[in-house]
Amino acid sequence: MKDIFERVCKNYILESKNDLKNNRLAEYIRNDIPQTIYKELQLNESSYFIKASPGQGVWGNIPWIGIFDRDISISAAKGYDIVYLFCADMSGVYLSLNQGWTYFKEQYGSRIGKQNIQKVSTSWKKILSSSLNNFSFEPIDLKYNGNASDLPLGYELGHICGKFYNASALPSDQVFIDDLRSMLAILQELKGKMCDLSIQNTNDYILARDKIGGFFEFEDKTDPLNSLIVDTSCLTLALKKPQDLKLKTNKTISKKSGKKVNFIKKQIRDTKLGLIGELMVLEYEKERLESIGRSDLIKYIKHISKEEGDKAGFDILSFDKNGSKIYIEVKTTTGAEDTPFFISQNELDFSKKNSINYYLYRVYNLSAKKKSASFYIVKGNLFETFQFNPVHYVSASIDCVI
């Protein structure tokens, strides 16, 4: 094992000045290194796939050796894997529990992808912290100073934990073997905590949990709402004029009802729906301001419920065409437009006190499958538009008029 890293670190920079095709070092990296690791670790090829790359077509800035669990992924572009990453200046090599950067780049674009891969890395560090005593959480520095590729930065951001081996003081074969065995055990623990071994569902769950605040662990980790929380750009939101709404009292609050409610799951689901609705309205407001020639105000829109919590009495701060502030409360449901909604005393009082600048955005028919929702807008004091039953308060009836 030591010979592998010694040979690459010592010869890579010099050999990279020659053609990649038919180069002896390149062939050694591609063919000999994987077989050596299979042999030294006695790994089953039906369970693990090992690939080493000096580059494709041209020499890579960061040569790598990847060890993949076939149940998770066999591609460095997607999923979770163990990888040896050589520094660009060949000063050393990192053993890293890492992620496929290309997946995040293609899924979210480069800018948001960089943020999301780092969030997932941070979450795994917390989840696996008890198992990582032998490895460092510190960021890695691959010593790449160019701008021809974003892969090196992707490797750095996708790093979860690992260990650095200095090229001038490489440890013994046994240390390399023991470290890799320990890292394989951590990969197996990570595998056991994935959502049905689905990379998509696992990343959506982690990123959704990050946005909400990380409190839900009882709910279905494959919930399709998770992906909507992560990326609401796939959703369409249609503005409708409310019909003659006759909102009925929410029957689930009846004391005579024998239906059992799992309040933890309900709170989780309501929180998810609420956040999705707010994120959709945030995007709608940006588009609205753009359409009325007030794009200068977009940067001042605030997601108040995320920044300050529920105490403010409204969810989103936006602006009208004159630049005056408007206060938006968002209520979201998967039900129809006349579905009753819960509202707090604080929110009702705020609507009354700030009636001139207050708007309720009622998002309804939210569908994860169709990736769509509709909404209507009610302006002013909600007591003048709805009737409420004192539960928390549940909207009951009377006509809605904008």
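Start by selecting D173, which is partly exposed because its relative accessibility is 38%. You're looking at a predicted model, by the way. D173 sits in helix α6, which covers residues 173-193. Now add D3, E6 and E40 to the selection: together with D173 they make up a negative surface patch.

Stay with helix α6 and pick K191 next, along with D69. These two form a salt bridge, with 3.3 Å between the closest N and O atoms. D69 belongs to strand β2 (residues 64-69) and K191 to helix α6, so color by residue number if you want to see how this pair links distant parts of the chain, 122 residues apart. Buried or exposed, these two partners? Both D69 and K191 are buried.

Next, show K119 and D210. Their side chains meet in another salt bridge, at 3.8 Å from N to O. K119 is in helix α4 (residues 110-127) and D210 is in helix α7 (residues 199-212), so this contact ties together parts 91 residues apart in sequence. K119 is partly exposed, with a relative accessible area of 29%, and D210 is partly exposed too, at 40%.

For a local pair, go to helix α9, residues 263-291, and select E283 and K286; they are 3 residues apart, about one turn of the helix. Here a salt bridge joins E283 to K286, with the closest N and O atoms 3.4 Å apart. E283 counts as partly exposed at 35% relative accessible area, and K286 as partly exposed at 32%. Then hop back to D69 and K191 and add D71: salt bridges with shared partners connect D69, D71 and K191 into one network. How many salt bridges does a search of the whole structure find? The count is 12.

Time for the cysteines. The structure has 0 disulfides. Click on C9, which is in no disulfide, and draw a distance to the sulfur of C87: that is the nearest cysteine sulfur, and it is 7.9 Å away. A disulfide needs the two sulfur atoms within 2.5 Å. C9 is buried, with a relative accessible area of 11%. Select C195 as well; its relative accessibility is 3%, so C195 counts as buried.

Last stop: Y327, in strand β9 (residues 325-332). Y327 is buried, at 18% relative accessible area, which falls under the 20% cut-off for that label. Add F314 and compare the C-alpha atoms: Y327 and F314 are 13 residues apart along the chain, and their C-alpha atoms are separated by 6.2 Å.

Key. Residues numbered from 1 in each chain as written. Predicted model: local features only at pLDDT ≥ 70, side-chain atom pairs only at ≥ 80, totals over all residues. Heavy atoms only, no water. Patch = residues over 30% accessible without salt bridge, like charges linked within 9 Å, V, L, I, M, F, W, Y side chains within 5 Å. Areas by Shrake-Rupley, 256 points an atom, 1.4 Å probe, with all protein chains shown as cover. Salt bridge = Lys/Arg side-chain N within 4 Å of Asp/Glu carboxyl O. Lys, Arg positive; Asp, Glu negative; His and termini not counted. Charge placed at Lys NZ, Arg CZ, Asp CG, Glu CD. Helix = DSSP H or I, 4+ residues; strand = E, 2+ residues; numbered from the N terminus. Buried < 20%, exposed > 50% of the residue type's maximum accessible area, 1.4 Å probe, protein only.
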